Amino acid sequence: MFIPLKDLNPRRSFPFVNTALILINIGVFVYQVTLPPRAFKAFVLANATVPARFPAIFTGHGHLATALVPVLTSMFLHGGIAHLLGNMLFLWIFGDNIEDFYGHVPYFFFYMFCGVAAGFMHIAFNWHSMLPSIGASGAISGVMGAYLLLYPRAQVLTLVFIFLVPIPAVVILVLWFVLQFASGVSSLGVAAASGGVAWWAHVGGFLTGMAVTNVARRQ
C-alpha cells in the first residue's frame, strides 16, 4: 500500500560505508545466483544462521565456529531479488544520515553490531529451528531504530497507492516496528509455518540501534 522511496533529510558527507555495504550485498547476491543449484544450496547453508547449531554445541554435536561465523556472513546473503532490493532500498534511504551521525568507520561497526545482536535475538526465539536465516534486515533494522531516535520529524517521500506523499519518519518507522513485533508474537511456537521470516531479528536489531544511538548521542 505504501513504499518509502527517499528521505528529504540532507546529509553532510558522502556515505562511503553505506554505499560500500550496498555494493557488497549486491556483489554477493550476483555471486550466489551464478552458482549451480547444488553449490548455491551448499553456499547458503554454510553461511546462513541456523539457530539449532547452538544447542548442538552443548550436546557435543556441533562446532563453535560453524555456529558463530554465519551470524556475520548471513548478513550479506539474500534469498531472492525482491529480498535484496527491499533491504537495499531501506538501507539507502536511512543509512546515509546515520553514517553522518556516527562517522564512516564507527558507522560500519555500529551496522555490524546491530546485525549480530539481531542474529542472536533470532536465535534466542528459535533455539531449536533448523531453518537457515539470511539477509541484512537485522542490521538495517538497527539503522532504522537509530533514525527514529535522531530524525523522527524528517520527511520520507513515500509512494501511497499512486501518489507521492511526504510522511514523517516517525510514522513509517513506528508502524514498521509495530508490524514486526506483532508478527514476531504471532509466530511464537509456529516458526516453521511463518515462512522462516526472522521477525525477532528485526525487533532485536531495531531496539539495539536505538539503545546504542541513545548512548552515543549522550557522549
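What follows is a chat about a predicted model of a protein.

Biologist: Okay, basics before anything else. How many helices and strands are there in the protein?

Modeller: The protein has nine helices and three strands. Bear in mind that this is a predicted model.

Biologist: And what pattern does the protein follow along the sequence?

Modeller: Going along the sequence, you get β-α-α-α-α-α-α-α-β-β-α-α.

Biologist: What about the overall size? What does the C-alpha trace span?

Modeller: About 50 × 40 × 35 Å along its principal axes. The radius of gyration is 17 Å, and a compact globule with 219 residues would come out near 17 Å, so the two agree.

Biologist: What share of the residues count as buried?

Modeller: 44% of the 219 residues. As for the outside, the protein exposes about 11100 Å², and carbon and sulfur atoms supply 75% of that area.

Biologist: What about contacts between residues that are 24 or more positions apart?

Modeller: They make up 78% of the contacts in the protein with a separation of 6 or more.

Biologist: Switching to pockets. What volume does the largest pocket have?

Modeller: About 780 Å³. Its lining has 39 residues, and the closest to the centre are His83, Asn87, Ser137, Val197 and His202.

Biologist: Which helices and strands each supply at least two residues of that lining?

Modeller: There's strand 1 (2-7), and then helix 5 (81-102), helix 6 (104-125), helix 7 (137-150), helix 8 (169-187) and helix 9 (199-216).

Biologist: Which helix gives the most to the lining?

Modeller: Helix 7, with six residues.

Biologist: How do the lining residues divide into nonpolar, polar and charged?

Modeller: 22 are nonpolar, 17 are polar and no residue is charged.

Biologist: Now some single residues. Where does Asn9 lie?

Modeller: Asn9 is in the loop between strand 1 and helix 1 (16-34).

Biologist: Buried or exposed, that Asn9?

Modeller: Buried. The relative accessible area of Asn9 is 16%, and the cut-off for buried is under 20%, so Asn9 counts.

Biologist: Which residues does Asn9 touch, leaving out those up to four places away in sequence?

Modeller: Asn97, Tyr147, Tyr151 and Ala154. As for Phe101, which is 92 residues away from Asn9 along the chain, the C-alpha atoms of the two are separated by 12 Å.

Biologist: Tyr147 again? Which other residues does Pro152 touch, on that basis?

Modeller: Pro152 touches Tyr147, along with Pro168, Ala169 and Val170, again not counting residues up to four places away in sequence. Pro152 is in the loop between helix 7 and strand 2.

Biologist: How exposed is Pro152?

Modeller: Partly exposed, with a relative accessible area of 27%. Partly exposed sits between the 20% and 50% cut-offs, so Pro152 falls in that class.

Biologist: And how far apart are Pro152 and Val28?

Modeller: 32 Å in space, C-alpha to C-alpha, and 124 residues in sequence.

Biologist: What about Val105 and Phe16?

Modeller: Those two are 89 residues apart in sequence and 9.7 Å apart in space, C-alpha to C-alpha. Val105 is in helix 6, and it is exposed, with a relative accessible area of 55%.

Biologist: Last one: what is the phi of Phe161?

Modeller: Phe161 has a positive phi of about 60°, although it is not a glycine. Most residues other than glycine have a negative phi.

Biologist: Where does Phe161 lie, and is it buried or exposed?

Modeller: Phe161 is in the loop between strand 2 (155-160) and strand 3 (163-168). Its relative accessible area is 57%, and exposed means over 50%, so Phe161 is exposed.

Conventions
Residues are numbered from 1 along each chain as its sequence is written. This is a predicted model: local features need pLDDT of at least 70, side-chain atom pairs count only at pLDDT 80 or more; totals for chains, interfaces and linings use all residues. Side-chain values use heavy atoms; hydrogens and water are left out. On a 1 Å grid over the protein atoms alone, a cavity is a set of points where a 1.4 Å probe fits but cannot get out, and a pocket is an open set with protein on both sides within 12 Å along at least five of seven lines; lining residues have an atom within 4 Å of a point. Grid points are joined across faces, edges and corners, and a volume is the space filled by probe spheres set on the points. Helices (H or I, at least four residues) and strands (E, at least two) are DSSP runs, numbered from the N terminus. Ala, Val, Leu, Ile, Met, Phe, Trp, Tyr, Cys and Pro count as nonpolar, Asp, Glu, Lys and Arg as charged, and the others, Gly among them, as polar. The radius of gyration is taken over C-alpha atoms; the globule rule is 2.2 Å times the number of residues to the power 0.38. Buried means under 20% relative accessible area, exposed over 50%, partly exposed in between (1.4 Å probe, protein chains only). Contact means heavy atoms within 4.5 Å. Accessible areas come from the Shrake-Rupley method with a 1.4 Å probe; for residues, only the protein chains shown count as cover.
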